[in-house]
Structure formats: structure tokens, C-alpha cells
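This report goes through selected features of the structure shown below, from the backbone to the packing of side chains.

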Amino acid sequence: MAKVTFRIFRYNPDKEQASRYQDYIVSLEPGVTLLNCLNKIKWEIDPTLSYRMSCGSAICGSCAMKVNGHALLACKTQASELVRDGVIQIDPIGNSPVMRDLVVDLEPFWGAFRKVEPYLMPDSRDNPERERLQTAAQFLKIDAATQCIMCAACWSDCNSLEVDNLFYGPAALAKAQRFIYDSRDAKKRDRLVEISKLHGMWDCTHCGECSTRCPTEVKPLARIEEIREAAMAEGVHGNNGARHALAFRETVSKRGLLDENYVPVRSVGFFNIMGLLELLPVGLRMFIRRKNPPIIPHGIDNRKEVRKIFSRQKEFRRD
Amino acid sequence: MKYALYTGCVAKGAGRELLAATYSACGKLGIELVEMTDAACCGAGVINEDNPILGDIINARTFAQAEKMGLPIMNICTTCQGVHRKCQIKLAADPARMEKVNAELKKDTGLEYKGQVKVRHFYEALLEEYGLERLAKAVTRPLTGMKVAAFYGCYAMRPHEYSDLTDPDDPNELERIITTLGATPVKYGERLKCCGFPILMMNKRNALKLTGNAVAGAKNAGATGMVTPCPLCHLNLDAYQPEIDKSLRMPVWHIPQLVAYALGATPEELMLKTHIIRPKEAFALV
């Protein structure tokens, strides 16, 4: 059996000034999960090691942690797959304050969920005599998002959260999709307006970490793409993100390529003086270096063809 | 070797130096390029979010054009490459969607996407088709002493199901090219992060924090330059540096620039003067 060093983040904020790593050497038996190994360390070597675990079956979402820099579920991963040069490095999940060793305070994560009002809000005037039913096709639209086990693996590795602790985060936005696309919910537009604000869906960088780390089929990035699509279709356009998408639509449909002079101005808003002033320094720097996009925008050869495709776009929208 | 060159928007606009460097590098390596002057913007994921089927039709049009030319596509932008690959993978996995996209495409253009065209980024073409041994032999100006930090760009790596990298969580493709050119690759914590560009118009403060973290990370790890296969990352990493921290002074190369420079190209050929932070190494020679 191969001996592996588990390099584990240790920190007790009540007693220690700074965090440290502690090495534990464990023989890997074939077929063991990372959680099996952590249990072995805690039960046989060091009972002071703290981490969350419960079901051991990738259902409860307790045992998310960072391994070799990326979040995963300890119970769902074979330890042997994680060894790098004889070492497995384990840290607490990211974007969360550490309470003890691998245990973090998840309150900010839950707070983001509360912000999206994660419960059904049907039309209150409607008083049905029987339960509100959904067809299979209607359920399929929310099926993926309902599979969230709230493990916070996506939250851990989210690039936007690293620079903005007010960002909703991937899990909460995926939860918003679950209600926005629910045929029984009556608050679609209100929800879209609310999460279109600053720190909401348009602040997602599209880095793809969430979908990569998600241990279930939620794939939050795909759900964020869907709520953006819903916002565009619903006409919730009064923000930089939606205006940016409109600018893409307008310029690509006209010339086949993006007009890089128009898109920033359209995105911040034609009458947003402060926003336009913010664009000036980089514009000047680029102009001085002759790096500015051409004043007469470039285009493709057969613009008519692309215009034709775009002009029929309403037919292509999803129902 | 011959490719249909998909320029994308930036290489025709704010990143014209990228197009110049691509022609320079490929010319020196004997790679023939036929520019796709009728291929539309890939949508950068934005058009797909607005209207998924429309985004697919526009990209299927590009693929069908290359199929008609009988050539594989070479991208010079990680975002274009990522969007193209995602579109190809999604269409291949969903015959009903493929049929719908082709029906619409045919109606408006008479074209049909057969699902056969290969789509490769410039650096992937070097690694997989040109070969690093051949590249090493072509190097006439080894970049000895340069410490180069690669910045991959999200679309090259994530979500993993759409990535062509061998190990998207710890890629070494760009580092292998850097080594082949005679420079020393520098690894740093931020090399796989987002550059901030996608939210530049939505939340500039956060976008520039991400950009600043990446450049500072490379600098703290000892890099004398950064290299990226994505012109959108390049815009943020280079053009916004003075707004983030004037002391950073980190030159950022496009990958075809770095390759062409090692093959003997002059700074003028690579339009290095258009960079906001000009690479010292290149100008020390002239």
C-alpha cells in the first residue's frame, strides 16, 4: 500500500495567531475515498482535526473542501486520484471565513440564498381547487437546478466572489433559475429585476469554475446563462449587463463583427456621464498608442446574410 | 499545413498587433493561412445567452464555410476557441438541435454544417500538428533569460467538458511552448483565474481587482513578462495596468507575438509599440 502525505490546513482562531499545515502519513488502501482517509486520521491519529461530514454518499453536501486548490466532495472522490508527488493538500473551501481547520462559516452562503427568496410565489389571486401541476416538459426546465445539495463547492471557487463578497454566487443564482423557470411561479419579472442589480447575475465573470466544481448536475453557469436569457426575453434591460448583450446583438447583426467603439458606450448607457468618463482614460491610452479600434468599424463580406439570420431571431427564441 | 484563419473581432480592431504577429509567426513556420473574411463574430458567449439557437446558427455558418474551404479552422482567441468548441460539442451531442440549426442555416444561407471541421487555437496547432521539436529547430532568437508567466483565459479550461487541454486544472501547454522558445516558464497562483474582462462593463472595480491580482501574482513570482492566448485577457492585463498600479510595469505578449519574436521577428512586425506596457526585451535590441 502506497504511503501518502495528507497536508492539511489547521487553524483554531481562538488559540492560534496564524494558520499552518500539518502532515499526516497514511497508507492508502485500494478504493478508499478522501473522506475515508480523513476519518482514519481523526479516529486513529489526531482527534483534534475538525471537518464537516455526514452522509458519505454525496447527498448531504457537508464535506466540500479544497483539494490541491480546487473544491470537491471528499466522500465522492477516490483518494488515489488526488495524489500529486506523494502529497494530497487539503484546505477549507474558499470565499468563506474559517471557524476551525476545514470547517467554515457558511452564513454568507446561506445569506445569498435568502436574497433570491428561494420558495414558490404563485399568484395570490389565483385560488385553485387542486394542487398546481406541471407537465414533464415544464419540470425539465428546472430539473437541473433542483439537484443542488448546497455543498458550496461552486461558492468556494467562484472568481467573482473572490473580489466581491456581496456577489450572489453561483448556487443562489442557480436557485433563482429554479423559480424563474417554474411555470407555477408568478414573480418571474420581479425576480429578474432584483437579480439584475449590482452584485447580481450580470456580475458573474463566466469563469466556469462553478460548473466545473459542481458535484451534481446543477452546473450553475448554465443556469446563469438561462436567467440572463430570460432577462433579455422579458425585456429587463435597464442595466449594463443587458445593454452589453443588446450592443452585441445590434452591432453583430449589422456588420457581422463587433463594433468595439460602440459596445462600451452602449453598455454603460449613452446618458451615463460618470460611466462614460470612466471609459476615457483607457480610450486615451489606446488612442495614443494607436491601439484604438478603427473609427469606421470593420465588417464581414456578406453582411446581408447575417442580417437575415438575425432578423428572424424572434422565431428562434425558446418558448 | 494550411488553415482557415478565423480572426474574430479584436484582432481586426483593438488587437491588430495579434493579427500581424499571427501572420508573422505562421509565415516563418511555413504555415499557410487563408483568412475567413466572411465569418461572423462567435458571440463571445454573449449572443448565446441572449438567444442560444441564434448563437449556434452564426457559429455553424462559420464551421460550414471552413468545411466548404476544406480547411481546419485556426483561432487566435481563447474565447472564440472556447465558444466554437462548446457549440461543436453541444451540436454533436444533440442531433435534434443540429437538425434545427442546419434547417435555419440552410434557409438563410444555403450552407450546411456537417460536423466535421476541426477547430484549433494557434497554440494547439503548434503543439499537436506542427510539433515542438520542429518549432525548437525554427527558433533563431532563443528567449534566454526571459521569465514568462502564462495566463490561459477561462474559455481554454472551463467548464472541463468543453476544454481541449490535457489537464485543465493544471495545464502545461503554454509552459511547454515557453520552454521551447528558450524562456523559463513561471507558475503562479492566478494563472488559471479570470482576467476580469467579462465584467468590465458591469462592475469595473471588481474586474480590475481580478486583473490586478493576476498581474501582481505573476510579478511576485518573478516573471519578466506574461503571455496569453486570449486578446480579451490581453486588453485587461495590458491596457488597464496603469489604472490599477503604475508600478506593475508588466509587459503582456500575445502567444503568436512571443513565438514570432523567438523566430526573429522585429518589434515593428509584431506592432509591439501599440502595447500600453512595451516589452523591454524586444526594444533593448533595436
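Is A:His206 buried or exposed? With a relative accessibility of 11%, A:His206 counts as buried, since the cut-off for that class is under 20% relative accessible area. The coordinates belong to a predicted model, which scores ipTM 0.95 and pTM 0.96. For chain B the pLDDT averages 96, and 99% of the residues score at least 70.

**Backbone**

Although A:His206 is not a glycine, its phi is positive, at about 70 degrees, and the residue sits in the loop between α7 (188-195) and α8 (209-213) of chain A. A:Asp85, again a residue other than glycine, also has a positive phi, near 50 degrees, and is found in the loop of chain A between β4 (70-73) and β5 (87-91). A:Asp85 is exposed, with a relative accessible area of 82%, whereas A:His206 is buried at 11%. In chain B, the peptide bond that leads from B:Arg158 to B:Pro159 is cis, with omega near -20 degrees, and B:Pro159 is placed in the loop between α8 (154-157) and α9 (173-180) of that chain.

**A β-α-β unit in chain B**

Strand β1 (residues 2-6) of chain B pairs in the parallel sense with strand β2 (residues 32-35) of chain B, over 4 bridges. On the β2(B) side, B:Glu32 is the bridge partner of B:Lys2. Together with helix α1 (residues 16-29) of chain B, β1(B) and β2(B) make a β-α-β unit that is right-handed.

**Nonpolar cores**

The largest nonpolar core holds 150 residues, of which A:Phe6, A:Leu34 and B:Met226 touch the most other members. Helix α3 (residues 52-69) of chain B supplies the largest share of this core, with 8 residues. A second core, separate from that one, has 49 residues, including B:Leu127, B:Met157, B:Ala183 and B:Tyr261. If neighbours within four places in sequence are left aside, the contacts of A:Leu34 include A:Phe6, A:Met65, A:Val67, A:Leu72, A:Ile88 and A:Ile90. A:Thr77 is also among the residues in contact with A:Leu34.

**Aromatic pairs in helix α2 of chain A**

Over all chains the structure holds 9 aromatic pairs, and two of the pairs are set out here.

| Pair | Centre to centre | Angle between planes | Arrangement |
|---|---|---|---|
| A:Phe109 and A:Phe113 | 5.1 Å | 80 degrees | edge-to-face |
| A:Trp110 and A:Phe113 | 6.0 Å | 35 degrees | tilted |

The pair of A:Phe109 and A:Phe113 counts as edge-to-face because its planes stand at 80 degrees, and that class takes angles over 60. Both A:Phe109 and A:Phe113 lie in helix α2 (residues 107-115) of chain A, 4 residues apart, which is about one turn of the helix. In the same helix α2 of chain A, A:Trp110 and A:Phe113 are separated by about one helical turn because they are 3 residues apart. A:Phe109 is buried, with a relative accessible area of 2%, and A:Phe113 is likewise buried, at 5%. A:Trp110, by contrast, is partly exposed, with a relative accessible area of 32%. Ring pairs link these three residues, A:Phe109, A:Trp110 and A:Phe113, with A:Trp155 into a cluster.

Technical notes: Residues numbered from 1 in each chain as written. Chains lettered and ligands numbered in written order. Heavy atoms only, no water. Helix = DSSP H or I, 4+ residues; strand = E, 2+ residues; numbered from the N terminus. Buried < 20%, exposed > 50% of the residue type's maximum accessible area, 1.4 Å probe, protein only. Pairing = 2+ DSSP bridges. Right-handed = clockwise from strand over helix to strand, strands pointing away. Core = buried A, V, L, I, M, F, W, Y, C linked by side-chain atoms within 4.5 Å. Contact = heavy atoms within 4.5 Å. pLDDT = per-residue confidence, 0-100. Phe/Tyr/Trp six-rings, centres within 6.5 Å; stacked < 30°, edge-to-face > 60°.
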